[in-house]
Each structure stands twice: as C-alpha cells, then as structure tokens.
Amino acid sequence: MISVSDGQTHVLAQVTTVTAPELISLGTGLGRVTAEDVRSSTDVPPTDNSAVDGYATEATDIPVGGRRELRVVAELAAGALFEGALGPGEALRIMTGAPMPAGADTVYPQEVVERDGSRVVVPPIAKGANVRRRGEDVRAGAVVLPAGTVLRPQELGVAASLGLSQLLVRQKPRVAILSTGDEVAEPGDERKPGQIYDSNRFALRGLVEASGAVARDHGIVADVYDELRGRLLDAAASADVVLTSGGVSVGDYDLVKAVLQDVGAIDFWQVAMQPGRPIAVGRIGPAHFFGLPGNPVACMLTFHLFVRPAICKLLGRRELFGTPFRAVATQSMRKKIGRREFKRGILTYTGEHWEVGTTGPQGSGILTSMTQANCLILFEEDRGDVAPGETVWVEPFGAV
Ligand code: AMP
Ligand code: MG
C-alpha cells in the first residue's frame, strides 16, 4: 500500500518533459497553456487618457471650494488626437479613452458641469481626477503572463490588449484511451447477457479534454493477451499517455500487468484510498501508461488524482492540483482511519458559510453519484468519522 501523495510524487517524477510549443492564433487560445513568458512591448494604456466623458483641463488654479468658468476650445473623440496645448482657463471636450491633451491633468465628468455654448462652469475637483495613467495596467517590459499560465478569458483579453494576435502555447498531450474487459459493450450496440455498457471511455474522454489534452479513442479490448498487447502498442505509437480502465483489480490484473512487463514497464500499486485502490503506472515505449480501475467512480477519481496532474506537468502548467477549502458537514460521515477517502458531495452556500453533504450511497460503481455531486469531499488519512457541524475539505468540480 502506498499513500495518495506518495503515488502522486512517483507519477510526477516520471514526467520529465513538456510537450513541444506551437504558435496559435489568440482566438483559439482558451484553455491552452503559455509556453514562454509573455512580455509587453508597450505601456497599457499607451497614453494618459480620460476615464469619463467630460471636459479636460489644468486643475492647479481651481480655488478650493470655488467654481470657475472655462472656455471649450475643441471636441475630441476617442482615438482622435488634440494637436495643440490647453492654455489657462481652457478646456477640451473629451470622450472616454481619448488621450489627455498637453496642458491638462484633470477631467470633469459631463454630469457635474453646466455647459452654455462654448463655456462650461465647473465645480471643485481633485487634481488628476478621472485620468487613467499611461502604463497603469501594464508597464512596457513587464512579464504579463508567465510561462505555464492557463489561458482563461481574461488572459486572452490581456494578450490582445498588448496587441498580440498569436501566442506560443504547449501542444496538447495526446492521450489514448482503451477500455478492457469481455463484459464491456459499446453504447449503441446490442448488449449480450452479462455485459455492461462502457461508461469509462466516455467519462475519461471528457476528463482528458477538460484537462487540456486531446483524446484518442481506441475502443474496447477483450481480455485476450495478444489482442491487448497489439492494441496497447498501437495506442502508444502515437500518444504521450495511454489510459486503460479495468483489468487491474486483484484477480484479473495480470493481463494488463503481464503485457506491460512484456512491452514496457509497470508498477502496480495498491493505493491507500477509497474508492479506487488498484492502479497500474508505467511506460510503453515513450508513452506514460496508467491502468485505471474498472469501477466507474474509481476510474474517474484515479484519473483526477494521478493522470490529470501528469497531463498538467506535460503541459508545463504551474498549478498541478486543485485548491480544496473547508466546508461544514451537514451530516455524519463514516471514515476509516489510515486511508484517504473521497465522497461525492453537494456543496451549498447558506449565505454565511459553505456546507456540504454527500450525494447518498457511495459505492464505486454508483456513477450517478458523480452527476449529483458538485464537489469531492476529501478526508485525510488520519481523519476518523465526521459528526455534523465539523469541517471537512472539499474540492469543487471545475468547469466540468
Ligand atoms: P475490473 O477492474 O476489470 O475487474 O472491473 C471492475 C468493475 O468495473 C467491474 O464491475 C467491471 O464490470 C466494471 N468496469 C470495467 N470496465 C468498465 C467500463 N469500461 N465501463 C463501465 N464499467 C466497467
Ligand atoms: Mg475487467
């Protein structure tokens, strides 16, 4: 038996490379991972500019508590430039985003002035009010997106604000997925007596894609040595990672294990966790291999704990794991000391704090527990039973 964190350490130690970089256009960048530090060559914004629609002027000679009358010398639209300079007592009609003219340091919002023809009467205002400073968002030369950043909508917007139309990102790792087992039938096909439909391949595909990798579906393989051997070698020939599900529980894991010992290398671990004890980790040729358990919840969970961090590392990501937080248990929960446990939870906000209960029966074959859940409840090894009102760790399901 090894612990979850020792298993994760072993897995990550085997991932010593990152995928090659590729240039992509910004519009297709969502979810990709930067392959280099993105620096700005310019200040953003590029000039001091107005934060409001209003009147730009020099504020220094405004009497405290007083009002004054200014002469409006020109109108400036966003994007237009005022070539001249304002003199004392002069104002420029200015729109949001328009560069500040020479001789002005303050903008009066149009709502606070009284305009009368070419004159405005303005109230007191703080010097510098309503001006956005050149470079206040980004300074020229600054690293704006460090290498290993996942591109969320805001990172795409920031890259665009620097004028970039392309970014260097990590290629998506190629992940081959196979289901093993004579009892596993293809959804849509007729099911023979004793067969169950293959759910793992489809759940894994979603997990793979949500992790920023590209899935390659290699179908179902019967529990036949030569067939498994051929299909695994074929899958490994064009993949960075090969995933199987099934065939690793005590009693019938020898097939996956034996094939891997023949064509690659494999470690078989009993991980001190519930659900999902058995997992096989190794290599076939240059590909990383993960033999995940057949039980659907265990399969998804072991992916989350061991495969996803490996994919994140292949992508050069800075963050490899999610960030759990604390929530109050709404019910008692059974927990065996000495192993890591995971329950499917429903996390809600009461208006004052986060609280969590389980989805009900927690068998590792009860896949609908995953559809009812919006989080995992995490129990540390040394934790025992939980009473209502105690706090537990939760990790919300991400975008998926
Ligand atoms: P195994 O690890 O092969 O002994 O499988 C453990 C359990 O998971 C058995 O009940 C299998 O029927 C089930 N199982 C295996 N593969 C799949 C799959 N692809 N989809 C759904 N259930 C599976
Ligand atoms: Mg099997």
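The exercises below, each with a worked solution, concern a predicted model.

**Exercise 1. The span of helix α6**

Task: Work out what span the 19 residues of helix α6 should have, and compare this with the distance between the end C-alpha atoms.

Solution:
- Step 1. Helix α6 covers residues 296–314.
- Step 2. The expected span is 1.5 Å times one less than the number of residues, so the 19 residues of α6 should span 27 Å.
- Step 3. The end C-alpha atoms of α6 are 25 Å apart, which agrees with the expected span.
- Step 4. The axis of α6 has a kink of about 40°, and histidine 304 is at its centre.
- Step 5. Beyond the helix comes glycine 316, with a positive phi near 75°.

**Exercise 2. The largest nonpolar core**

Task: Find which element supplies the largest share of the largest nonpolar core.

Solution:
- Step 1. The largest nonpolar core holds 37 residues, and Leu243, Phe290, Phe303 and Phe306 have the most contacts inside it.
- Step 2. Elements that each supply at least two residues of this core include α1 (4–14), α3 (200–210), β17 (241–245), β21 (287–292) and α6.
- Step 3. The largest share, eleven residues, comes from α6.
- Step 4. Of the 19 residues of α6, 16 are buried, and the helix is mostly covered.
- Step 5. A second core, separate from this one, has 19 residues, among them Ala239, Leu260, Val263 and Ala280.

Task: List the residues in contact with leucine 243, leaving aside its neighbours within four places in sequence.

Solution:
- Step 1. Val175, Ala176, Ile177 and Leu178 are among the contacts of leucine 243.
- Step 2. Leu204 and Val208 also touch leucine 243.
- Step 3. Phe290, Phe303 and Val307 complete the list for leucine 243.

**Exercise 3. The buried sides of α3 and α4**

Task: Decide whether the buried residues of α3 lie on the same side or on opposite sides of the helix.

Solution:
- Step 1. The buried residues in α3 include Asn200, Arg201, Ala203, Leu204, Leu207 and Val208.
- Step 2. These residues cover an arc of only 160° around the axis, so they are on the same side of α3.
- Step 3. An α-helix has 3.6 residues a turn, so residues three or four places apart point the same way.
- Step 4. The buried residues of α3 pack against β13, β16, β17, β21 and α6.
- Step 5. Glycine 212, which follows α3, has a positive phi near 90°.

Task: Treat α4 in the same manner, and state which residues are exposed on its other side.

Solution:
- Step 1. Helix α4 covers residues 225–237, and its 13 residues should span 18 Å.
- Step 2. The end C-alpha atoms of α4 are 18 Å apart, which agrees.
- Step 3. Leu228, Leu232, Ala235 and Ala236 are the buried residues of α4.
- Step 4. Their arc around the axis is only 95°, which puts them on the same side of α4.
- Step 5. Asp226 and Ala237 are exposed on the other side of α4.
- Step 6. The elements against which the buried residues of α4 pack are β13, β16, β17, α5, β20 and β21.

**Exercise 4. Buried, partly exposed or exposed?**

Task: Classify glutamine 8 by its relative accessible area.

Solution:
- Step 1. Glutamine 8 lies in α1.
- Step 2. Its relative accessible area is 13%, and buried means under 20%, so glutamine 8 is buried.
- Step 3. Apart from residues up to four places away in sequence, glutamine 8 touches Leu305, Phe306 and Phe321.

Task: Classify aspartate 105 and aspartate 137, both of which lie in loops.

Solution:
- Step 1. Aspartate 105 is in the loop between β6 and β7, whereas aspartate 137 is in the loop between β10 and β11.
- Step 2. Aspartate 105 has 12% relative accessibility and therefore counts as buried.
- Step 3. The figure for aspartate 137 is 55%, and exposed means over 50%, so aspartate 137 is exposed.
- Step 4. The side chain of aspartate 105 makes a polar contact of 2.7 Å with the side chain of threonine 106.
- Step 5. Not counting residues up to four places away in sequence, aspartate 137 touches Val44 and Pro45.

Task: Classify arginine 326, and find the residue with which its side chain makes a polar contact.

Solution:
- Step 1. Arginine 326 belongs to strand β22.
- Step 2. With a relative accessible area of 36%, arginine 326 is partly exposed.
- Step 3. Its side chain makes a polar contact of 2.9 Å with the side chain of threonine 391.
- Step 4. Arginine 326 and threonine 391 are 65 residues apart in sequence, and 6.1 Å apart in space from C-alpha to C-alpha.

Notes. Residues numbered from 1 in each chain as written. Chains lettered and ligands numbered in written order. Predicted model: local features only at pLDDT ≥ 70, side-chain atom pairs only at ≥ 80, totals over all residues. Heavy atoms only, no water. Helix = DSSP H or I, 4+ residues; strand = E, 2+ residues; numbered from the N terminus. Bend = angle between axes of the 7 residues up to and from the residue. Buried < 20%, exposed > 50% of the residue type's maximum accessible area, 1.4 Å probe, protein only. Polar contact = N/O pair within 3.5 Å; in protein donor to acceptor, adjacent residues only side chain to side chain. Core = buried A, V, L, I, M, F, W, Y, C linked by side-chain atoms within 4.5 Å. Contact = heavy atoms within 4.5 Å. Arc of directions from axis to C-beta.
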